[in-house]
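Grab a pencil and try these exercises before you peek at the solutions. Each one starts with a task and then walks through the reasoning.

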Amino acid sequence: MLNQSLALDLMFQALADPSRRAMVDRLCRGPASVSELAKPLAMSLPAVVQHLQVLEDSGLVRTGKLGRVRTCHIEPRALRTAEQWVNERRTSWERHLDRLGDFLAEEAQTDGGKPGHSPPRKPGHRRKP
């Protein structure tokens, strides 16, 4: 669990930067060289390499060198890990909201659908104007 937490921390930190997200977006369409990734970005090649190192450290991207060209590839397993984490939280919140919706529907039926009806107040609780 701790390893997964560390991996997620690195992944979300890597994705926090818009330039790195742009690189990930580009790599989702297919492999690219470092110079191809650098082309649309307003930064030096060494800065692009530093950003790529962050993406590699997070596990989102892997690179390989063939001759003088370093080619970058997206790592789909890492993206699935982040997706799974987000989906688990989304599903949990949807269940909470569904239960809240059911509760409110029950309350509306119990109150006979009377507009303006509010639940009893707790002692010492004042209604806001």
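The exercises below go from the overall fold to single side chains.

**Exercise 1. Get your bearings.** Work out which secondary structure pattern the protein follows along the sequence, and what share of its residues is buried.

Solution. Keep in mind that you're looking at a predicted model.
- Start by counting elements: the protein has 5 helices and 3 strands.
- Next, put them in sequence order, which gives α-α-β-α-α-β-β-α.
- Finally, check burial: of the 129 residues, 24% are buried.

**Exercise 2. Look down helix 2.** Find the buried residues of helix 2 and say how they are arranged around its axis.

Solution.
- Helix 2 covers residues 18-28, and its buried residues are Ser19, Arg20, Met23, Val24 and Leu27.
- Here's a handy bit of background: an α-helix has 3.6 residues a turn, so residues three or four places apart point the same way.
- Now look down the axis of helix 2: the buried residues sit within an arc of 140°, so they line one face of the helix.

**Exercise 3. Check both ends of helix 2.** Which side chain reaches a backbone nitrogen at the start of helix 2, and what is the phi of the glycine that follows the helix?

Solution.
- At the start, look at Asp17: one of its side-chain oxygens comes to within 2.9 Å of the backbone nitrogen of Ser19.
- Ser19 has already turned up among the buried residues of the helix.
- Past the other end, go to Gly30, which follows helix 2 and has a positive phi, near 145°.

**Exercise 4. Take stock of the cysteines.** How many disulfides are there, and are Cys28 and Cys72 buried or exposed, or in between?

Solution.
- Recall that a disulfide is a covalent bond between the sulfur atoms of two cysteines.
- With a cut-off of 2.5 Å between cysteine sulfur atoms, the count comes to 0 disulfides.
- Then go through the accessibilities. Cys28 counts as partly exposed because its relative accessibility is 47%.
- Cys72, in contrast, is at 0%, so it counts as buried.

**Exercise 5. Trace a salt-bridge network.** Which residues are joined into one network by salt bridges that share partners?

Solution.
- The total is 4 salt bridges, so let's go through some of them.
- Glu75 and Arg62 pair up through their side chains, at 3.1 Å from N to O. This pair links distant parts of the chain, 13 residues apart: Arg62 belongs to strand 2 (residues 61-66), while Glu75 is in the loop between strand 3 (69-74) and helix 5.
- Glu75 also bridges to Arg77, with the closest N and O atoms 3.1 Å apart.
- As for burial, Glu75 has a relative accessible area of 13%, so it is buried. Arg62 is partly exposed at 44%, and Arg77 is exposed at 57%.
- One more bridge joins Arg89 and Glu88, again with an N to O distance of 3.1 Å. Arg89 is partly exposed at 37%, and Glu88 is partly exposed at 42%.
- Put the shared partners together, and Arg62, Glu75 and Arg77 form one network.

**Exercise 6. Spot the nonpolar patch.** Which residues form a nonpolar patch on the surface, and how much accessible area do they have together?

Solution.
- The members are Trp93, Leu97, Leu100, Phe103 and Leu104, with about 560 Å² of accessible area together.
- Take Leu100 as a sample: you'll find it in helix 5 (residues 76-110).
- Its relative accessibility is 43%, so Leu100 counts as partly exposed.

Technical notes. Residues are numbered from 1 along each chain as its sequence is written. This is a predicted model: local features need pLDDT of at least 70, side-chain atom pairs count only at pLDDT 80 or more; totals for chains, interfaces and linings use all residues. Side-chain values use heavy atoms; hydrogens and water are left out. Buried means under 20% relative accessible area, exposed over 50%, partly exposed in between (1.4 Å probe, protein chains only). Helices (H or I, at least four residues) and strands (E, at least two) are DSSP runs, numbered from the N terminus. The arc is that of the directions from the helix axis to the C-beta atoms. A polar contact is a pair of N or O atoms within 3.5 Å; within protein, one must be able to donate a hydrogen and the other to accept it, and residues adjacent in sequence count only if both atoms are side-chain atoms. Patches are made of residues with over 30% relative accessible area and no salt bridge: like charges are joined within 9 Å, nonpolar side chains (Val, Leu, Ile, Met, Phe, Trp, Tyr) within 5 Å. Accessible areas come from the Shrake-Rupley method with a 1.4 Å probe; for residues, only the protein chains shown count as cover.
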